[in-house]
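Welcome, and thanks for taking a look at this one with us. Below is a short briefing to read alongside the model, grouped by topic.

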Amino acid sequence: MGMWASLDAMWEMPAEKRIFGAVLLFSWTVYLWESFLAQRQRRIYKTTTHVPPELGQIMDSETFEKSRLYQLDKSTFSFWSGLYSEIEGTLILLFGGIPYLWRLSGRFCGYAGFGPEYEITQSLVFLLLATLFSALTGLPWSLYNTFVIEEKHGFNQQTLGFFMKDAVKKFIVTQCILLPVSSLLLYIIKIGGDYFFIYAWLFTLVVSLVLVTIYADYIAPLFDKFTPLPEGKLKQEIEVMAKSIDFPLTKVYVVEGSKRSSHSNAYFYGFFKNKRIVLFDTLLEEYSVLNKDILEESGMEPRKDGEGDSEEIKAKVKNKKQGCKNEEVLAVLGHELGHWKLGHTVKNIIISQVLSFCLTVLSRRFEFQADAFAKKLGKAKDLYSALIKLNKDNLGFPVSDWLFSMWHYSHPPLLERLQALENSKQD
């Protein structure tokens, strides 16, 4: 009765207060739901301390424990950072932070000679101040995540100077994109009349497609080094596989992601007849800066017994990134190319314009379909082993609460994918 009485009281308030109360109620409802799901998954991390029998043949207890502790630390960090973010947002609303920032933006415009009629200019100043505030308040959390959690578990490769330079660069690049796009969007809304929302939606869709097209060529290289994959067997096999499914491949790049993190990844981008594939150097053992640095420090080519090395060097060589063999890299790419061949990329863009939960559900289905496509290319066995290696290198935890997984994981848990591939290998 108390909840319904509160709702009745809220509807008796003036309209602006009802909207204000509804926004707060919705925000905290979503937060509490997300916290409930996170707590279910955190319970899995705490109680699942032994390798499940079905994973006994593919994951050792040491790797399992490392991934469990890593995900537990990430979950705890996510809880506190999420709580801070929710409280910060609530306080901003309660104490009129947004109106205050708008008035402050107006003062800055006034100092520059712009009056109240220049609402687009004032809006851009407001956006600049808001994103600056967000960057500053989020900086301590980002520092802790990078230099405590990621560092503790062996993923961080950044120095503090590199991190700060990167943060400043990201902020500047973001403003160079955000402010012009926002000014055009606001102008469209201003002159759009009764159908402004249709024009605004079309504009944001076009901007999204343009950014996807230019990101890897003009934005990503500002932060990481991209080099063409050298001529050799791997490049030839990638080109042959792409040609076999009519994928219009033009270039294959290796990105030096190991200077930032030791996590692995691969993706493709581009529209129409101009597609490129990008492989993280951490995915390729022979190209990884991390592994080269370890071997150079040891002053040797890799040896099986490590005889004559210091204990520190032995530990580093032992923990050297596994990387993937050519066959496994091709299997991973076979999966990614499956997304293209099956039209998942375009479908995701369309669906993302509507809602997010259905996109998560559909994305999981797409992942299974892309795995099945790689199987049709004869890559089931290699993809099976590649997924295990990538999960190990990224300390992914293979056990998930079903509700948390359904709500959050756009990629199915490792065990589900391996079971599907295991079945396919027996076909």
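A salt bridge here is a side-chain nitrogen of Lys or Arg within 4 Å of a carboxyl oxygen of Asp or Glu. By that rule, Glu-62 and Lys-66 pair up through their side chains, with an N to O distance of 3.6 Å. Please keep in mind that this is a predicted model. The notes start with the chain as a whole, then turn to salt bridges, helix H7 and a residue in helix H3.

**The chain as a whole**

- The protein chain has 16 helices and four strands.
- Of its 427 residues, 38% count as buried.
- Looking at contacts between residues at least 6 apart in sequence, 74% join residues at least 24 apart.
- The protein chain exposes about 24,800 Å², and carbon and sulfur atoms supply 64% of that area.

**Salt bridges**

- A search of the whole structure turns up 10 salt bridges, and three of them are described here, starting with the pair already introduced.
- Glu-62 and Lys-66 both belong to helix H3, which covers residues 61-94, and they sit four residues apart, about one turn of the helix.
- As a reminder, an α-helix has 3.6 residues a turn, so residues three or four places apart point the same way.
- Glu-62 is partly exposed at 45% relative accessible area, and Lys-66 is also partly exposed, at 37%.
- Asp-217 forms a salt bridge with Arg-276, and their closest N and O atoms are 2.7 Å apart.
- What does this pair tie together? Asp-217 lies in helix H7 and Arg-276 in strand E4 (residues 275-280), so the bridge links parts that are 59 residues apart in sequence.
- Asp-217 is partly exposed, with a relative accessible area of 27%, whereas Arg-276 counts as buried because its relative accessibility is 11%, under the 20% cut-off.
- The side chains of Lys-235 and Glu-231 meet in a salt bridge as well, at 2.9 Å from N to O.
- Is each partner buried or exposed? Lys-235 is buried at 14% relative accessible area, while Glu-231 counts as exposed at 63%.

**Helix H7: span, kink and buried residues**

- How far does H7 reach between its end C-alpha atoms? The helix spans only 30 Å, whereas a straight helix of 24 residues would span 34 Å at 1.5 Å a residue.
- H7 also has a kink of about 40°, centred on Thr-213.
- The buried residues of H7 are Ala-200, Phe-203, Leu-205, Val-207, Ala-216 and Ile-219.

**A nonpolar patch on the surface**

- Ile-189, Tyr-195, Phe-196, Phe-197, Ile-198, Tyr-199, Trp-201 and Leu-202 make a nonpolar surface patch of about 770 Å².
- Which element gives the patch its largest share? Helix H7 (residues 196-219) does, with six residues.
- Phe-196 is one of the patch residues and lies in helix H7.
- With a relative accessible area of 34%, Phe-196 is partly exposed; this passes the patch cut-off, because patch residues need over 30%.

**A buried threonine in helix H3**

- Thr-90 lies in helix H3, the helix that also holds Glu-62 and Lys-66.
- Thr-90 is buried, with a relative accessible area of 13%.
- Which residues does Thr-90 touch, not counting those up to four places away in sequence? Its contacts are Leu-24 and Trp-28.

Conventions:
Residues numbered from 1 in each chain as written. Predicted model: local features only at pLDDT ≥ 70, side-chain atom pairs only at ≥ 80, totals over all residues. Heavy atoms only, no water. Patch = residues over 30% accessible without salt bridge, like charges linked within 9 Å, V, L, I, M, F, W, Y side chains within 5 Å. Areas by Shrake-Rupley, 256 points an atom, 1.4 Å probe, with all protein chains shown as cover. Helix = DSSP H or I, 4+ residues; strand = E, 2+ residues; numbered from the N terminus. Buried < 20%, exposed > 50% of the residue type's maximum accessible area, 1.4 Å probe, protein only. Contact = heavy atoms within 4.5 Å. Expected span 1.5 Å × (residues − 1). Bend = angle between axes of the 7 residues up to and from the residue.
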